[in-house]
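User: I would like to learn how to read a few features of a protein model. Could we go through them one at a time?

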Amino acid sequence: MKNKNLVIVESPTKAKTIGKILGDNFVLASSMGHIIDLPTKELGVDIEKGFTPAYVAIPSRKKVLSSIKKEAKDKDKIYIATDPDREGEAIGWQLKERIFKGKDVLRVTFHEITPSAVAEAFKNPRPFDANMVEAQVGRRVLDRIVGYFLSPLLWKKIARGLSAGRVQSVALRLIIEREREIQKFVPREYWEVEAELKKLTNSFLAKLQKIGDKKAQIKDKGEADKIVSDIQGKEFKVTALKESEKRRFADAPFITSTMQQEAFNKLRFNATKTMIIAQQLYEGVDIGQDSSIGLITYMRTDSTRVAPEAITEVRSHILRHFGKEYLPEAPNVYKVKKLAQEAHEAIRPTLLSQPPEGLKEILSKDQYKLYELIYNRFIASQMSPARYLAKTADIKVDKYLFTASGSTLIFAGFMSVYNRNNDDEENGKNIIPDLKEGDILELIKLLASQHFTKPPARYSDSSLIKALEEEGIGRPSTYAPIIYTLILRDYIRRLKGYFFPTELGFKVCDLLVEYFPKIMDPKFTALMEEELDEIEEGRLERIKVLQDFYQPFKESLDFAQAHIKKEVITSDEVCDKCGKPMIFKWGRRGKFLSCSDFPKCKNSKSITSGVKCPGPECGGELLERRSTRGFFYGCTNFPKCRFTSKTLPEDKEE
């Protein structure tokens, strides 16, 4: 049929959902992401001619490109309905400029894939946003320059196949610096003294806060025992009471970073898994009766803004299901960070009429968990605050001042829908009975406990994303790929949810910090992000941002190229083929031993863990191996022994 319209989106799932909404007069095609990009085997940027990018068709996408061209031949109109962010704008613009030049190409955007939102978008197509495209081109060129020139320096110094990136390398630095803090940390012993006290039948705990006019600082057991001995048998008297009502306000609806953080904290989903599931929920789920719908709004966003009609809907929902007391007089409004894309919305359910419980049989287990988190967080964000009755009592024993604190939940508010981590700690952990000034309390027992100061915690998906966001490093679409790339390159490993840098990660980071301190400076990286945002706002020109960056970068690059030499670390072993020393190298499978006379002698061998293989009558040792799924331990006697393990078993001889 000649007069059908062509609609181009990124993925087949999105195409299927939108196709069902639009009906028979539209043909849907998916680009499978980028079709046109910078070439993979060359710089692809003409630095001398204003940093002009030389875009080419991606070889693996040529069949997709041919299919889209064929579909477009006899169509009246072509609609580009790629995602409503810089990257989606750039994908669409590339198609318009390079594939459909001269044709009637219209841009449509929507933040949720629902019949009403899609219909509204197609009624009101808009021109392509040149500033958004310029900002994305600027980011792509900037990242290509950094990666293209820095990666070969890592090959020269350490090993081929390594990579550096403008944002990923700064994230690596944060992880490395945290690990060094942990390594340098010296635990300090301290003691606390608590009294379990009683009035009538109610007991509670009070902690020693002051000795005389000074803060209680107890260094060792001797001091603690002396205090306990001194207090024993003396009178505990209430000297001051304070009672106040505290309010706890709901959090904003999710943006990308907070969704990733909370999905890790509550569900233990890593950032990549969270984004894959969120993408599925956004692009569309078949909810029966041959009807597909996007269950959440667009999931790459840094804006807490909510559409007025969604606010009206959620306030009606709260009033209907919870009552007037749970509904604030005016809608809750949340702070939007500087340069957030205000055309975007927060992540929220598209239809409150589709509660998670009703979709439990339709969604996968993980989809259900994330959808429930997003759904409940959004409803809670527009509810009244929780209220607590907080009590504090000062209790004196001679020169010692103890303080007892506790709180009781008196109105749940938003917490009846959504409990943040550790919310229960606020309620009922230490219930203070009704006391009066001058009350004499019964001592049940004194508790002296030993503690040690703790080093800072290693980064997890949640805490790293929070740190990146606070530092202004990266943007919503980059958090998950940053972590994925660092793990893929074996610069870091995720163990029990926390990131441990590898020896290779330390080496890469140290080299980049030594020769490119500016690139590795979080503040400089944040400034670059702000400048890219300002290109999108139309306040800066792309070419000026790139020129200002490139000149000092080129000076550092020239210095590094002249001074970096191959690192050679000699081992204690000698080559069993030629007798020359064996040296350490890194390859696709990690660290290994190679003959120092390479390429004349090509002898190499894996480095074993020194732990005996637990396989029956094996006698081999376990060594680290790498697969597409990550790292594991295998036997040196493979294929005779096929023992594998994700963790290193304890050496039984040891």
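Analyst: We will take the nonpolar cores, a buried charge, salt bridges, a sheet and some backbone features in turn. The model is predicted.

User: Which residues touch the most other members of the largest nonpolar core?

Analyst: A core of this kind is a set of buried nonpolar residues joined through side-chain atoms. The largest one here has 147 residues, and F100, F110, L150, L370, F516 and F553 touch the most other members. Helix α5, residues 130-157, gives the most to this core, with 11 residues. For F100, leaving out residues up to four places away in sequence, the residues touched are I8, I68, A72, I78, I80, L95 and V105. There is also a second, separate core of 25 residues, with F204, I231, A393 and F402 among them.

User: How far from R315 is the nearest side chain of opposite charge?

Analyst: For a buried charge, one looks for a salt bridge, with N and O within 4 Å. R315 is buried and has no salt bridge; the nearest side chain of opposite charge, that of E329, is 8.3 Å away. The residue sits in helix α10, residues 308-321. What the side chain of R315 does reach is backbone oxygen: that of P328 at 3.0 Å, and that of E329 at 3.1 Å. Beyond four places in sequence, R315 is in contact with L327, P328, E329, A330 and P331.

User: Which parts of the chain does the salt bridge between K199 and D439 tie together?

Analyst: The idea is to place both partners in the sequence and then check their exposure. The closest N and O atoms of K199 and D439 are 3.0 Å apart. K199 belongs to strand β9 (189-199) and D439 to the loop between β16 (400-411) and β17 (440-452), so the bridge ties together parts that are 240 residues apart in sequence. K199 counts as partly exposed because its relative accessibility is 21%, whereas D439, at 17%, is buried.

User: How many residues apart are D548 and K544 in helix α16?

Analyst: They are four residues apart, about one turn of the helix, which covers residues 542-563. Their salt bridge has its closest N and O atoms 2.7 Å apart. D548 is partly exposed at 44% relative accessible area, and K544 is partly exposed at 42%. In total, 40 salt bridges are counted, and E10, K14, D83 and R300 are linked in a network of them.

User: Which strands stand at the edges of the sheet formed by β24, β25, β26 and β27?

Analyst: To read a sheet, follow the strand order and find the ends. This open sheet runs β24-β25-β26-β27 with antiparallel pairing. β24 (608-612) and β27 (644-645) are at the edges; each has a single partner strand, so one side of each lacks a neighbour in the sheet. β24 is joined to β25 (621-627) by two bridges, and T608 has L623 as its bridge partner in β25.

User: Where are the cis peptide bonds that precede P599 and P639?

Analyst: Omega identifies such bonds. F598 and P599 are joined by one with omega of about 15 degrees, and P599 is in the loop between β22 (590-595) and β23 (604-606). The cis bond between F638 and P639 has omega of about 10 degrees, with P639 in the loop between β26 (630-635) and β27.

User: What is phi of M32?

Analyst: Phi is near 60 degrees, a positive value in a residue other than glycine. M32 lies in the loop between β2 (26-30) and β3 (36-37). R268, also not a glycine, has a positive phi of about 60 degrees and is found in the loop between α8 (256-267) and α9 (271-283).

Note on methods. Residues are numbered from 1 along each chain as its sequence is written. This is a predicted model: local features need pLDDT of at least 70, side-chain atom pairs count only at pLDDT 80 or more; totals for chains, interfaces and linings use all residues. Side-chain values use heavy atoms; hydrogens and water are left out. A nonpolar core is a set of buried Ala, Val, Leu, Ile, Met, Phe, Trp, Tyr and Cys residues joined through side-chain atoms within 4.5 Å. Buried means under 20% relative accessible area, exposed over 50%, partly exposed in between (1.4 Å probe, protein chains only). Contact means heavy atoms within 4.5 Å. Lys and Arg count as positive and Asp and Glu as negative; His and the chain ends are not counted. A polar contact is a pair of N or O atoms within 3.5 Å; within protein, one must be able to donate a hydrogen and the other to accept it, and residues adjacent in sequence count only if both atoms are side-chain atoms. Two strands pair if DSSP finds at least two bridges between them.
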